[in-house]
Amino acid sequence: MIAREQYLQQLIRRKDKQVIKVVTGIRRCGKSTLLKMFQDYLMEQGTDPQQIISVNLERGEYRRIRDAEALYTYIHERLLADGRQNYVFLDEVQNVPEFQRAVDWLYAEPHVDLYLTGSNAYLLSSDLATLLSGRYMEIKMLPLSFAEYRSAFPSEENLPKLYASYLMNSSFPGALEFTDREDIHAYLEGIYNTVLIKDVAARRKIADMTMLESVVEYMYDNIGNLFSASKIAGAMTSAGRKISGATVESYIQALTDSFILYKANRYDIRGKERLKNGAKYYAVDIGLRYFLLGSNLTDTGHILENIVYLELIRRGYEVFVGKNGTEEVDFVTYRAGEKGYYQVSLSVLDEKTLARELRPLQDIRDNYPKYLLTMDYLPDSSFEGIQHRNVLEWLCEKMD
């Protein structure tokens with residue numbers, strides 16, 4: 001079992017605080033395992049197992065809990081009334097219609113510390129967010145980072161080799177149980193089909209599964225490219241799959257809500273404003289992308305960009321695609337009022353490539369940190385304050 005220390009520490013810090021802890025993320029990214037790790041931590045700290053009430057609403061034993069009343073009643077009957085804290089865990093709670101009512105009732109109970117997980121952004125839809133306004137904190141969970149993946153192979157010191165395995169064999173924790181590529185593909189197929197059927201098609205009442213799959217494949221084939229819904233619709237229609245811009249927009253929203261796809265909006269660095277037009281999209285897992293599109297992919301630069309984007313999200317940044325006049329900066333980040341700039345390239349050993357990658361960063365007239373991340377193995381260096389780092393070593397750094 002790989003320690004998901006980053007997420008575990010967030011739960012530990014928020015333990016017994018008067019907020020609902022909400023863990024969101026794609027199916028099979030490790031949310032249930034994280035809750036089990038935290039429950040183990042509680043018992044190691046002396047918590048009586050009777051104080052822990054855990055319900056996984058995808059398991060058959062809880063099949064009769066299918067409305068808010070039944071969920072609340074089940075939990076309420078098991079709460080200790082002796083003044084000790086009750087730790088209540090509701091896993092995949094979105095499977096219960098109007099679950100937010102039960103959550104609200106449980107939150108009002110004395111001595112209840114409440115934890116939720118869900119595999120769809122519907123969990124924090126406007127209705128729930130309004131109901132629980134100011135009373136919850138979200139923990140956004142992703143599949144394994146490269147550093148977490150590396151911890152499963154303590155004897156492997158060849159980072160490029162491990163990185164290739166990380167891409168090809170998936171960052172989903174469960175994929176580590178398999179060594180055969182055919183088994184890994186079967187595992188990823190199960191995740192993909194479940195997400196599309198349960199979290200996208202069923203929730204959004206999408207009947208045309210063939211078109212939905214075409215949109216997913218198109219988006220995964222074009223990670224790191226600037227797009228609008230109308231542009232995507234035009235490209236798909238030209239390829240013989242006629243679809244409207246409105247339908248594309250609806251499908252993409254459903255895909256981002258299910259966390260199979262992530263969106264990076266644009267930011268005007270000079271104008272210091274967020275732009276409404278155009279965005280880039282990234283895959284939640286490159287192994288899933290290989291499963292969908294095959295392994296003969298040559299856009300290694302965009303793949304690396306995808307990995308860096310997800311890592312920045314893991315580190316708690318809000319991430320945008322930067323526009324600086326006619327130049328593009330791969331990522332502009334915000335966290336706690338601090339800004340940062342990142343340029344990502346496979347290699348800058350060629351002088352012309354180095355100049356091209358540095359120019360957008362050099363044209364930024366402020367003193368926030370600027371980074372150039374590449375696969376080159378060179379001593380860490382600086383170009384007019386721009387830090388050049390090996391991206392694999394950067395990925396393995398301990399998060400601050």
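This report describes the sheets, helix packing and selected backbone features of a predicted model.

## The parallel sheet

One open sheet consists of 5 strands in the order β2-β3-β4-β1-β5, with parallel pairing. The edges are occupied by β2 (52–56) and β5 (136–140); each has a single partner strand, so one side of each lacks a neighbour in the sheet. On average, and with direction ignored, neighbouring strands of this sheet are turned by 15 degrees against each other.

Within this sheet, strand β1 (residues 20–24) and strand β4 (residues 112–118) run parallel and are joined by 4 bridges. One residue pair gives the register: K21 has Y115 in β4 as its bridge partner. Helix α4 (residues 99–108) lies across β1, β3 (86–91) and β4, and runs at about 155 degrees to β4.

The loop between β3 and α4 contains E98. Most residues other than glycine have a negative phi. The phi of E98, in contrast, is positive, near 55 degrees. With a relative accessibility of 47%, E98 counts as partly exposed, because the partly exposed class lies between the 20% and 50% limits.

## Two helix pairs

Helix α4 also meets helix α3 (residues 68–76): their axes come within 8 Å and cross at roughly 30 degrees. Angles under 35 degrees count as roughly parallel, and α3 and α4 are therefore placed in that class. Their crossing is right-handed. On the α3 side the contact involves A68, E69, L71, Y72 and I75, while α4 contributes R101, A102, W105 and L106.

A second pair is formed by helix α1 (residues 5–14) and helix α2 (residues 31–44), whose axes come within 10 Å and cross at roughly 50 degrees. This angle makes α1 and α2 oblique to each other. The crossing in which α1 passes α2 is right-handed. Here Y7, L8, L11 and I12 of α1 meet L34, M37, F38 and Y41 of α2. An α-helix has 3.6 residues a turn, so residues three or four places apart point the same way.

## The mixed sheet

Another open sheet has 8 strands with mixed pairing, in the order β7-β6-β8-β9-β10-β11-β13-β12. Its edge strands are β7 and β12 (381–383), each of which pairs on one side only. Neighbouring strands in this sheet are turned by 35 degrees against each other on average, direction ignored.

Strand β6 (residues 261–268) has 6 of its 8 residues buried, so the rest of the structure largely encloses it. Ahead of β6, F259 is found in the loop that follows α11 (245–257). This residue has a positive phi, near 65 degrees, although F259 is not a glycine. F259 is buried, at a relative accessible area of 11%.

Strands β6 and β7 form a hairpin with 4 residues between them, and K272 in the turn has a positive phi of about 55 degrees. The following table lists strand pairings in this sheet.

| Strand pair | Sense | Bridges |
|---|---|---|
| β6 and β7 (residues 273–283) | antiparallel | 7 bridges |
| β6 and β8 (residues 318–324) | parallel | 3 bridges |
| β10 (residues 338–345) and β11 (residues 370–374) | parallel | 5 bridges |

Individual residues mark these pairings. N265 has A279 in β7 as its bridge partner, and R266 stands opposite V321 in β8. Y341 is matched with K370 in β11. Helix α14 (residues 351–362) packs on the sheet, where it touches β8, β9 (327–335), β10, β11, β12 and β13 (386–390); the direction of α14 makes about 165 degrees with that of β10.

## The enclosed helix α12

Helix α12 (residues 286–293) is largely enclosed by the rest of the structure, because 6 of its 8 residues are buried. The buried residues are I286, G287, L288, R289, Y290 and L292. They pack against α7 (159–169), α8 (181–204), α9 (209–221) and α13 (300–314).

Both ends of α12 carry a describable feature. At the N-terminal end, D285 acts as a cap, with a side-chain oxygen 3.3 Å from the backbone nitrogen of G287. After α12 comes G294, which has a positive phi near 95 degrees.

Notes:
Residues are numbered from 1 along each chain as its sequence is written. This is a predicted model: local features need pLDDT of at least 70, side-chain atom pairs count only at pLDDT 80 or more; totals for chains, interfaces and linings use all residues. Side-chain values use heavy atoms; hydrogens and water are left out. Two strands pair if DSSP finds at least two bridges between them. Axes are lines fitted to C-alpha atoms, for helices over the stretch in contact, and angles run from 0 to 180 degrees between N-to-C directions. Contact means heavy atoms within 4.5 Å. Buried means under 20% relative accessible area, exposed over 50%, partly exposed in between (1.4 Å probe, protein chains only). A polar contact is a pair of N or O atoms within 3.5 Å; within protein, one must be able to donate a hydrogen and the other to accept it, and residues adjacent in sequence count only if both atoms are side-chain atoms. Angles under 35 degrees count as roughly parallel, over 145 as roughly antiparallel, 65 to 115 as roughly perpendicular and the rest as oblique. A crossing is left-handed if the near helix is turned anticlockwise from the far one by less than a right angle, and right-handed if clockwise.
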